[in-house]
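This report describes how selected secondary-structure elements are arranged in the model shown below. The strands are treated before the helices.

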Amino acid sequence: MNETARVRENLDGQSALLGIERAKGRVLSSFSSMEVNSLGPNVGQISRDFMVPEPAPFRLPAIPFLEMSGVSKGFGTGAKRNEVLREINLSIREGEFVAIVGYSGAGKTTLVSLLSGLTKPDQGTVTLRGEFMKGPGPDRALVFQNYSLLPWLTVYENVALAVDEVFGRWSAEERRAQVEKFIAMVHLTAARHKRPSELSGGMRQRVSVARALAMDPRILLLDEPLSALDALTRATLQDEIARIWSRDRKTVVLITNDVDEGIYLADRIIPLGVGPGATLGPSFPIEIARPRERKTMGASPQFRKLRREVTDYLLKAAMANRQPVTRKLVLPRIEPEDLNKPRNYFKRHAVRRAEEKTETINLP
Ligand SMILES: Nc1ncnc2c1ncn2[C@@H]1O[C@H](COP(=O)(O)OP(=O)(O)OP(=O)(O)O)[C@@H](O)[C@H]1O
Ligand SMILES: [Mg+2]
């Protein structure tokens, strides 16, 4: 077998991309071993065949877009210190839709605040396109769990404030159209002149969603954006989020406590364990074809398997975090009558039993 044929065989047909001449050593030495390692086993074989120090890449390594690396975060000091997140590693590709699901109090809002740049990690790094996150920016819109609307502004003005901030160069007419469009999307046109105090919790949450979407951010961080909504409105907005994502391919991080919602919307779902010191579990890729059909998806074996796996992980994480505690129960100073002893009806007092009880309980 001649040299060319051997390279062809080693590359499983990819030699056309590389170019036999380039493989003969001159170009190869200019790439680092890290880049080479990311290319797979066949490429190492080429360098051995040609006795050259480093093989050449024929495709770029995937660069993470939004990344958390070794992140820990806690609040307070001394005895009152509360370690919330520990060793969080998360790498999100551009255009990916990731859902993070976890129990209440596990640290989901803390995690999304770190991703938005609103808070800083105690340890580890948060990077966007390889650069350290310095603070919040217009390329990242966060839908807060508690809506965070300005109480003295109407629905229209709350959304308009964000639109004016991001699209200051647009004409007044264009900005007005953008605000109206997203208010209509969340079905609040009739309430556009109301202030937050005049709205229900679900309506406020919809304003918050409209405000984030109207900013047309590259990264959408959604902290349980639909939790206060009734099932029908929730389903409508889920569909809207799915549609916007399919159209614009924004990078979306959805925090949710609803496993089904995560599976319906995301590319992968990651459970967050239980605190203190919660860590992220494994990523569960969701390979259900899009557009996903809500009615039929629930019955699919793929959906059921995923739901079972994610739920099992969360249940196990909660069980592992339980600590049996033995404590002495102090019973009230009332002695129950001992029914095992026959009562002597001639005596005035019943036979009383004094006992102290010790029991083992699980503290959540
Ligand atoms: N600013 C803060 N100061 C002190 N403790 C905080 C702060 N923010 C969060 N915590 C604590 O961190 C823990 C996690 O809170 P976090 O809001 O991140 O949970 P969560 O998973 O979003 O809960 P939920 O699902 O109820 O919204 C809680 O014990 C909370 O008391
Ligand atoms: Mg929260």
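## The sheet

In this predicted model, 6 strands form an open sheet in the order β6-β7-β8-β3-β9-β10, and their pairing is mixed. The edges are occupied by β6 (140–143) and β10 (284–285); each has a single partner strand, so one side of each is left without a neighbour in the sheet.

Within the sheet, strand β3 (residues 97–102) pairs with strand β9 (residues 268–272) in the parallel sense, over 5 bridges. In this pairing, Val 98 stands opposite Arg 268 in β9.

## A helix on the sheet

Helix α6 (residues 108–116) packs on the sheet and touches β3, β6, β7 (219–223), β8 (251–256) and β9. The direction of α6 makes about 160° with that of β7.

## Packing of α7 and α8

Two packed helices are described by the angle between their axes and the distance between the axes. For helix α7 (residues 155–166) and helix α8 (residues 172–185), the angle is about 125° and the axes are 9 Å apart. The two helices are therefore oblique to each other, since this class takes angles that are neither roughly parallel, roughly antiparallel nor roughly perpendicular. The crossing in which α7 passes α8 is right-handed.

On the α7 side, the contact is made by Val 155, Tyr 156, Val 159, Ala 160, Val 163 and Asp 164. Helix α8 contributes Arg 175, Gln 178, Val 179, Phe 182 and Ile 183. Sorted by class, the residues of this contact comprise 8 nonpolar, 1 polar and 2 charged.

Conventions
Residues numbered from 1 in each chain as written. Chains lettered and ligands numbered in written order. Predicted model: local features only at pLDDT ≥ 70, side-chain atom pairs only at ≥ 80, totals over all residues. Axes fitted to C-alpha atoms, helices over the stretch in contact; angles between N-to-C directions. Helix = DSSP H or I, 4+ residues; strand = E, 2+ residues; numbered from the N terminus. Parallel < 35°, antiparallel > 145°, perpendicular 65-115°, else oblique. Left-handed = near helix turned anticlockwise from the far one by under 90°. Contact = placed C-beta atoms within 7 Å. Nonpolar A, V, L, I, M, F, W, Y, C, P; charged D, E, K, R; others polar. Pairing = 2+ DSSP bridges.
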